[in-house]
Every structure is written in C-alpha cells, then in structure tokens.
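The following exercises concern the domain layout and the helix packing of one chain. Each task is followed by a worked solution.

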Amino acid sequence: MSLPPDSLSIASNAGPTSPYVTQIAGVAVPALAERFGTPCYVYDAAMIRQRIADLAPFDTVRYAQKANSNLSVLRLVRGAGVLVDAVSAGEIARALAAGYQPGPGDHAAGQPAEIIYTADIFDRASLDAVIEHDLAVNCGSPDMIDQYGARCQPLGRKRGVTLRINPGFGHGHSQKVNTGGEGSKHGVWHEQIEMCVERAARYGLTVEGLHMHIGSGTDMEHLGRVADAMQAFALRVGPSVHAISAGGGLSTPYRGNEPPVDVAAYYSLWDATRRRLAEAWGHAVALEIEPGRYLAAESGSLVTEVRAVKQMGTKEYILVDAGFNNLVRPAMYGAYHPLAVCPAEGVPQPSAALASFVVAGPLCESGDIFTQKEGGYVEERSLVRPRVGDYLVIGAVGAYGYTMASNYNSKPLVAEVLIDGGEPRLIRAAQTPADLLRGETSESSRD
Ligand SMILES: *Cc1c(COP(=O)(O)O)cnc(C)c1O
C-alpha cells in the first residue's frame with residue numbers, strides 16, 4: 001500500500017507524506033508521553049493564534065469556549081483580542097477566571113460585551129450568574145426573555161438583548177450537530193421574531209442584535225442562504241439592530257485532503273449582508289463570528305500508547321490506552337480523526353510497511369472504536385504496523401475533545417499540555433484516583 005493519508009493533518013515534522021508523527025509543535029512525542037503520561041492532550045499555541053489571525057477581517061471574533069474551555073486556552077485567545085461565549089454558569093466562571101470583564105456592553109456604541117451568555121434556556125444558576133455580573137444575553141427561547149426581563153425590571157436595567165434565530169432550515173456534519181429546522185431545539189422560531197421583540201419591549205429590553213448558528217461544517221452555498229435569511233429577519237426587527245452574528249460552524253479539514261474553509265469568501269458574504277443592513281438603516285452594523293472548532297480543533301493531539309495489537313478473524317486491531325472517555329467524537333458522530341504512529345524511540349523506521357487496522361480503546365463497550373463511520377460501522381485505517389509500547393497520535397482533537405470527556409469506566413480525566421515557543425507546559429493536571437471518589441459517601445466516613 002502506498003497511501004499514508006492519516007498523518008496529513010497532524011502537525012508533523014516527518015514530512016507531508018510520512019506515515020509517522022514524531023513531534024508535536026517541535027517537542028518529541030516520547031518526551032511528552034514520559035513527562036505527562038498517556039493518554040494526554042497536547043495543544044499547539046501557535047496553531048490557535050494562526051486560526052485567530054485568519055479571522056481578522058471580522059469586527060468581533062467571539063470564541064465558543066465549549067469547544068475547549070481550559071483556562072490557559074481562554075487566556076491565550078483573550079490575549080489575541082478574542083471575546084467569549086458562555087453557555088452555562090460554569091463557563092461564565094471560566095471566562096471571568098480567564099480575565100474577561102463582566103458587563104452588558106453596548107452594541108449601539110460599537111462596544112460588544114466581552115462575555116455573552118448564549119443558550120436556549122437559563123438554568124437557575126446561569127440566570128443568577130448573568131444577573132450578578134450584568135452579562136449580555138443571547139436568547140434562544142421566548143421564555144428566556146421573560147425570565148431575564150423579570151429579573152432586570154426591578155433593578156431598573158434596560159438592556160439590549162440579541163435573539164438567536166432558528167431560520168427553519170439547518171445543516172451540519174452530522175444530524176446531531178444540525179442546529180436549524182424543526183428537528184433542532186435551537187433558537188427562536190423565525191415566525192416568532194416579532195412576538196419576541198414585543199415581549200422584550202414589555203420589560204424595557206431592546207433587540208439590538210440577531211444571531212444565527214445553524215450547524216457545524218457548513219458549505220458556502222448553504223451559508224449564502226443563511227446570510228440572506230439573516231438579512232430578511234433583521235429588516236423585520238428594524239434599526240434597533242446594531243450587530244449580527246454569523247455564529248460558529250466554520251469547518252475544520254479533519255481529512256488531510258479536504259480544502260480549508262475559504263474565510264475570505266465567507267467574510268465577503270456576511271460583509272455584504274451587513275453593508276446592506278447598514279445602508280438601509282443609516283448606522284453601522286457590527287459583524288461577529290463565533291467559532292469554536294475552527295480556532296481549537298487543529299491545535300490538539302491526543303497522545304496514546306499502543307497496549308495490544310491483535311488479529312480478529314480477517315481484521316487486525318490496535319488497542320490503545322485512550323477510549324471514548326477521552327475522545328467521544330468517533331463514537332458519537334462517526335467523526336474522522338487523523339491517526340499516526342510514533343515509534344517508542346521517536347525515530348521513523350526506514351522501511352515502514354503499511355497495513356489496515358481497526359483502532360480501539362480500553363473501555364468495556366463495543367462502540368469504543370476510533371475508526372468508525374456514523375451509524376457505528378467499523379472501518380480500517382492504513383497505518384504503519386506499531387509494536388506494543390509505540391505511541392499512536394490522534395490528530396485534530398483540540399475542539400470537543402477534552403470538553404466532552406467523561407469518567408466512564410472510572411477512568412480519570414487526563415493531563416492537558418500547551419506547547420508555546422517549543423515549551424510544553426502542564427495546563428491541567430490529570431485527575432487522581434482520589435478525585436474519582438471525591439463527594440461520594442464512603443462506608444467509613446459515615447460512622
Ligand atoms: C457550538 C456553538 C458555536 C461554535 O460552533 P463550532 O462549530 O464549534 O464553530 C457557536 N455558537 C453557538 C451558539 C454554539 O452553540
């Protein structure tokens with residue numbers, strides 16, 4: 001076999017067609033494994049900065065931290081001038097801890113809030129946090145307007161709000177990330193926009209912005225439809241609107257042969273929409289973008305150790321020490337991640353033969369397979385044959401990797417490492433066995 005496709009989108013020093021990955025952001029994989037243990041998540045700061053720089057044309061880049069909310073990552077994006085979203089009280093606490101300033105902002109004055117709470121509901125903790133810190137809100141249901149308005153009124157707060165609109169159609173790399181249409185729970189249904197504007201006014205709230213996030217991994221033709229819908233909705237609300245947000249959904253080329261998203265085309269599409277609105281109303285309309293995956297995905301690698309290589313009938317399996325407790329995207333969406341082997345010594349073999357393998361984890365669950373398509377169909381990958389003790393690096397895991405990890409099978413959450421300027425730094429310690437038991441009443445502590 002001559003195709004070594006799986007290393008292409010892993011940051012690799014071994015050349016674009018090498019089936020190996022021996023370094024991550026200039027640091028040898030075995031050195032990372034020895035110092036931080038396996039599995040561990042490793043992020044390349046320069047890659048995050050590069051992706052932020054790509055989006056410079058937008059007035060506001062607002063990071064959807066659910067993709068990767070490690071405090072050091074938040075501090076890094078904040079340092080690069082990126083604002084932030086929060087979808088929970090916990091994410092609000094993270095944003096504040098990372099140095100983002102609370103406060104409602106002022107869209108009409110061109111001052112976007114540093115933190116925006118965006119969701120389809122307030123749970124009680126998030127509503128309390130929003131009121132306590134006077135945060136801007138993006139409402140995804142009419143009930144949110146009522147609940148927020150009822151808390152603002154007695155405080156005499158007349159705030160601007162933004163509405164997240166469900167335009168009645170959607171798109172996504174998987175049905176599970178399709179965020180528009182009747183089958184999606186997200187946003188205010190497009191036929192209820194006027195009702196929401198009136199409802200907001202009852203509480204002295206003004207709809208100052210519209211937001212649409214209609215799915216991840218979208219294509220340009222579809223986005224054109226979204227931008228047109230945004231224009232029509234904004235005109236219905238009228239000149240109180242001072243900002244529009246294109247949401248997230250900028251795709252990541254998980255497969256090395258996928259073309260990167262055309263940011264310039266994407267920008268000019270939305271810029272044209274924004275300009276038409278500004279012209280219609282005679283005032284500026286700010287253009288926000290709200291990427292999660294785009295900023296974080298490519299920066300991340302999950303370093304695992306090969307613990308077994310076994311033949312099962314006609315298929316050969318590589319079993320590694322990471323499972324869907326660490327990275328759930330393959331099991332949950334059939335998501336593709338590039339895979340590459342690093343020999344234990346960190347040196348590529350001169351004559352590496354490729355073979356087809358299923359790559360799986362340690363969990364007591366048959367779905368614990370990294371090489372599967374949506375629907376759970378097991379696939380094989382062309383990889384260098386590893387030996388037990390070699391490393392297998394899973395690429396493009398910086399978004400929705402660690403943040404979706406769990407303690408399933410009582411596995412501790414693993415270490416996270418950020419490499420900046422060739423220096424690896426531990427940015428979250430791995431959980432200990434004691435962390436796993438914390439908060440559970442033991443027999444001995446009851447007496
Ligand atoms: C998840 C989410 C995003 C980010 O989506 P990506 O596909 O990661 O870019 C942006 N905005 C909202 C409201 C979201 O829920």
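**Exercise 1: Domains**

The chain is divided into domain 1 (5-43 + 297-437) and domain 2 (56-290), with bounds from an automatic or database domain assignment. The model is predicted: local features need pLDDT of at least 70, side-chain atom pairs count only at pLDDT 80 or more, and totals for chains, interfaces and linings use all residues. Residues are numbered from 1 along each chain as its sequence is written.

Task: state how many residues each domain gives to the contact.

Solution. The contact takes 22 residues from domain 1 and 15 from domain 2, where two residues are in contact if their C-beta atoms, placed from the backbone, lie within 7 Å. On the side of domain 1 that touches domain 2, helix 11 (329-333), strand 21 (415-420) and strand 22 (423-428) each give two or more residues; helices (H or I, at least four residues) and strands (E, at least two) are DSSP runs, numbered from the N terminus.

**Exercise 2: Helix 8**

Task: determine which residues of helix 8 are buried and how they are arranged around the axis.

Solution. Step 1: Leu223, Val226, Met230 and Ala234 are buried (20 or more other C-beta atoms within 10 Å of the residue's own; exposed, 12 or fewer; partly exposed in between; C-beta atoms placed from the backbone). Step 2: these residues cover an arc of only 70° (from the directions from the helix axis to the C-beta atoms), which puts them on the same side of helix 8. Step 3: the face turned away from that buried side carries the exposed residues Glu221 and Ala232. Step 4: the buried residues pack against strand 10 (206-211), strand 11 (243-245) and helix 9 (263-281).
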